[in-house]
Amino acid sequence: ESGMKLRDAVEFAKKARAKLGPDFSPDETVMHEAREQLKTVSLEQFRNLRSLWRLVSPVAPIILYTLVLALITTVLRAKFHQLGVWMACIEAGVAGDRDAAFNQLLELWVAHMLIKLLSLPEGTYMKRAKAYFGASIRNGVLSAMISQDYEYFDRTPAGVLQDRLNRDADELGENLIEFPIKMLERA
């Protein structure tokens with residue numbers, strides 16, 4: 001578990017003691033055990049974070065390229081996907097200023113081509129990062145599976161293992177690689 005409930009309970013006990021005075025005191029041995037358990041959970045979470053970083057660090061440059069491309073395309077979309085830009089072009093055409101209308105239309109076309117041009121490598125980099133990350137997850141899991149007893153493989157069908165491995169690797173890749181980029185694009 002994350003330890004959030006235990007952390008909240010310890011904080012509640014501290015606040016209750018501060019508001020109710022020193023007479024209110026939960027059992028000190030229980031509070032000590034709770035603090036020790038919180039330290040253990042925090043240390044385990046830190047170890048898990050380091051393990052996760054070892055998996056993500058090889059694809060970090062690719063993710064960074066993807067984030068930069070996503071940021072640029074988001075900025076361009078915010079500027080050129082507005083109705084006001086199109087309306088200015090139309091109004092210039094209606095007013096008879098063909099040169100201004102043509103220049104604005106050309107600017108819009110170039111911006112949309114640039115958006116499309118940047119979206120292609122962005123998608124490619126994201127797929128590459130996700131595939132590399134998924135491969136490293138699969139390799140790690142397969143290495144761990146080699147050390148399992150034979151009984152484990154007798155009880156668990158190979159199809160179930162393969163399906164679970166692929167599904168988990170895909171979900172991790174989507175949550176750790178695609179999700180931050182999608183959130184940036186929505187902003």
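Here are four short exercises on this predicted model, each with a worked solution.

**Exercise 1. The aromatic pairs**

Work out how many aromatic pairs the structure holds, and what kind each one is.

*Solution.*
- Step 1: Start with the count, which is 2 aromatic pairs.
- Step 2: Take Tyr65 and Tyr125, whose ring centres are 5.7 Å apart with planes at 45°. Planes under 30 degrees apart would be stacked and over 60 edge-to-face, so the label left for anything else is tilted. That makes the Tyr65 and Tyr125 pair tilted.
- Step 3: See where the two rings come from. Tyr65 is in helix H3 (residues 60-80) and Tyr125 is in helix H5, so this pair links parts of the chain that are 60 residues apart.
- Step 4: Now try Tyr152 and Phe153. Their centres are 5.4 Å apart and their planes make 80°, an edge-to-face pair.

**Exercise 2. Salt bridges along a helix**

Pick out three of the salt bridges and find how far apart the partners sit in their helix.

*Solution.*
- Step 1: The structure holds 5 salt bridges, so we're only sampling, using the cut-off of 4 Å from nitrogen to oxygen.
- Step 2: Lys39 and Glu36 meet at 3.7 Å. Both lie in helix H2 (residues 28-56), 3 residues apart, or about one turn.
- Step 3: Hop over to Arg167 and Asp163, with closest N and O atoms 3.3 Å apart. They're 4 residues apart in helix H7, which again is about one helical turn.
- Step 4: Finish with Arg164 and Asp168, at 2.7 Å. This pair is also in helix H7, 4 residues apart.

**Exercise 3. Buried or exposed?**

Decide whether Lys39 and Glu36 are buried, partly exposed or exposed.

*Solution.*
- Step 1: Grab the cut-offs: buried is under 20% relative accessible area, exposed is over 50%, and partly exposed is in between.
- Step 2: Lys39 has 54%, so call Lys39 exposed.
- Step 3: Glu36 has 35%, so Glu36 is partly exposed.

**Exercise 4. Nonpolar residues, inside and out**

Find which elements build the largest nonpolar core, then locate a nonpolar patch on the surface.

*Solution.*
- Step 1: The largest core has 12 residues, among them Val56, Ile62, Phe133 and Ile181.
- Step 2: H3, H5 and helix H7 (158-186) each give two or more residues to this core. H5 gives the most, with 4.
- Step 3: On the surface, Phe102, Leu106, Trp109, Val110 and Met113 make a nonpolar patch of about 520 Å².
- Step 4: Check one member: Met113 is in helix H5 (residues 98-146), and with 38% relative accessibility Met113 counts as partly exposed.

Notes:
Residues numbered from 1 in each chain as written. Predicted model: local features only at pLDDT ≥ 70, side-chain atom pairs only at ≥ 80, totals over all residues. Heavy atoms only, no water. Patch = residues over 30% accessible without salt bridge, like charges linked within 9 Å, V, L, I, M, F, W, Y side chains within 5 Å. Areas by Shrake-Rupley, 256 points an atom, 1.4 Å probe, with all protein chains shown as cover. Salt bridge = Lys/Arg side-chain N within 4 Å of Asp/Glu carboxyl O. Buried < 20%, exposed > 50% of the residue type's maximum accessible area, 1.4 Å probe, protein only. Phe/Tyr/Trp six-rings, centres within 6.5 Å; stacked < 30°, edge-to-face > 60°. Core = buried A, V, L, I, M, F, W, Y, C linked by side-chain atoms within 4.5 Å.
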